[in-house]
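Hi,

Here is the model we talked about, ready for you to open. Please have a look at it first, and then read on for what turned up.

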Amino acid sequence: MTTYGTIPSGSGSMEFISRAKEQIYSGLGTRRPWKQMFLWEAFGAPHGLMEAYSRIKTNTAYFRMNYAIIVLVILFLSLIFHPISMIIFIAIIAAWVFLYFLRDEPLMIFGNMINDRIVLIVLSVVTIVGLMFTGVIPNVFTSVAIGAVVVLAHGALRKTDDLFVDDEEAAHGLPHKRPSSSSSG
């Protein structure tokens, strides 16, 4: 008997919680050290638009989890004076985490397998409706815009010479950089 998409009860719930924590930690494991992100010596103005674009592209790939955390913190701070919105926001994030990000098996409802695209669409609609219902859409757009400006500014000003990515990360779309003293292999 399969139990896709259901939360196990009893002793199995501890296994589910343990697996969820493991997946969250592995996701956060891609976060780079904050000290490396804000290394003072690594900042400088780019020499042109193409260099700024290249830096933004490399830094966004390298620091993507850090940038996501920064944007989410800015979004969270924008909702501090809207407690109902914050509660709904936390509930929606929990739904995203458990129904989309942490699921490693197909979601089954009434014996029917639900496509990931359907889950994505439903969660997106629920998110938009939840934000509309609480009236914080202007706050959300403003905070995401501020987060984007912070990310773009950091990405353009943070030099990329010291960012070295291993082969596994390069396989996932990150640029591969090696120190000039080592040979390529």
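The buried residues of helix 3 pack against three other helices: helix 2 (34–37), helix 4 (64–78) and helix 7 (137–157). Please keep in mind that this is a predicted model. The residues of helix 3 that do this packing are Ala52, Arg55, Thr58, Asn59, Ala61 and Tyr62. If you look at their numbering, it may help to recall that an α-helix has 3.6 residues a turn, so residues three or four places apart point the same way.

The length of helix 3 also checks out. With 14 residues (49–62) at 1.5 Å a residue, helix 3 should span 20 Å, and its end C-alpha atoms are indeed 20 Å apart.

Next, the aromatic rings. How many aromatic pairs does a search of the whole structure find? There are three. Trp34 and Phe38 make a stacked pair, with 6.3 Å from centre to centre and 10° between the planes. Trp34 counts as partly exposed because its relative accessibility is 31%, which lies between the 20% and 50% cut-offs. Phe38 is partly exposed too, with a relative accessible area of 45%. Tyr62 and Phe63, in turn, form an edge-to-face pair: their centres are 5.0 Å apart and their planes are at 85°. Both of these residues are buried. Ring pairs also bring in Tyr67, so that Tyr62, Phe63 and Tyr67 are linked into a cluster. You will recognise Tyr62 from the list of buried residues of helix 3.

On the outside, there is a nonpolar patch on the surface, formed by Val73, Phe76, Leu77, Ile80, Phe81 and Ile90, and together these residues have about 600 Å² of accessible area. Helix 4 gives the largest share of the patch, with three residues. Phe76 sits in helix 4 and is partly exposed, at a relative accessible area of 36%. Helix 4 is also one of the helices that the buried residues of helix 3 pack against.

Finally, a residue for your backbone check. Phe110 has a phi near 50°, a positive value in a residue other than glycine. Where is Phe110 placed? Its place is in the loop between strand 1 (107–109) and strand 2 (112–114). Phe110 counts as exposed because its relative accessibility is 80%, over the 50% cut-off.

Best wishes

Key:
Residues are numbered from 1 along each chain as its sequence is written. This is a predicted model: local features need pLDDT of at least 70, side-chain atom pairs count only at pLDDT 80 or more; totals for chains, interfaces and linings use all residues. Side-chain values use heavy atoms; hydrogens and water are left out. Helices (H or I, at least four residues) and strands (E, at least two) are DSSP runs, numbered from the N terminus. Buried means under 20% relative accessible area, exposed over 50%, partly exposed in between (1.4 Å probe, protein chains only). Rings of Phe, Tyr and Trp (its six-membered ring) pair if their centres lie within 6.5 Å; planes under 30 degrees apart count as stacked, over 60 as edge-to-face and the rest as tilted. The expected span of a helix is 1.5 Å times one less than its number of residues. Contact means heavy atoms within 4.5 Å. Patches are made of residues with over 30% relative accessible area and no salt bridge: like charges are joined within 9 Å, nonpolar side chains (Val, Leu, Ile, Met, Phe, Trp, Tyr) within 5 Å. Accessible areas come from the Shrake-Rupley method with a 1.4 Å probe; for residues, only the protein chains shown count as cover. A salt bridge is a side-chain nitrogen of Lys or Arg within 4 Å of a carboxyl oxygen of Asp or Glu.
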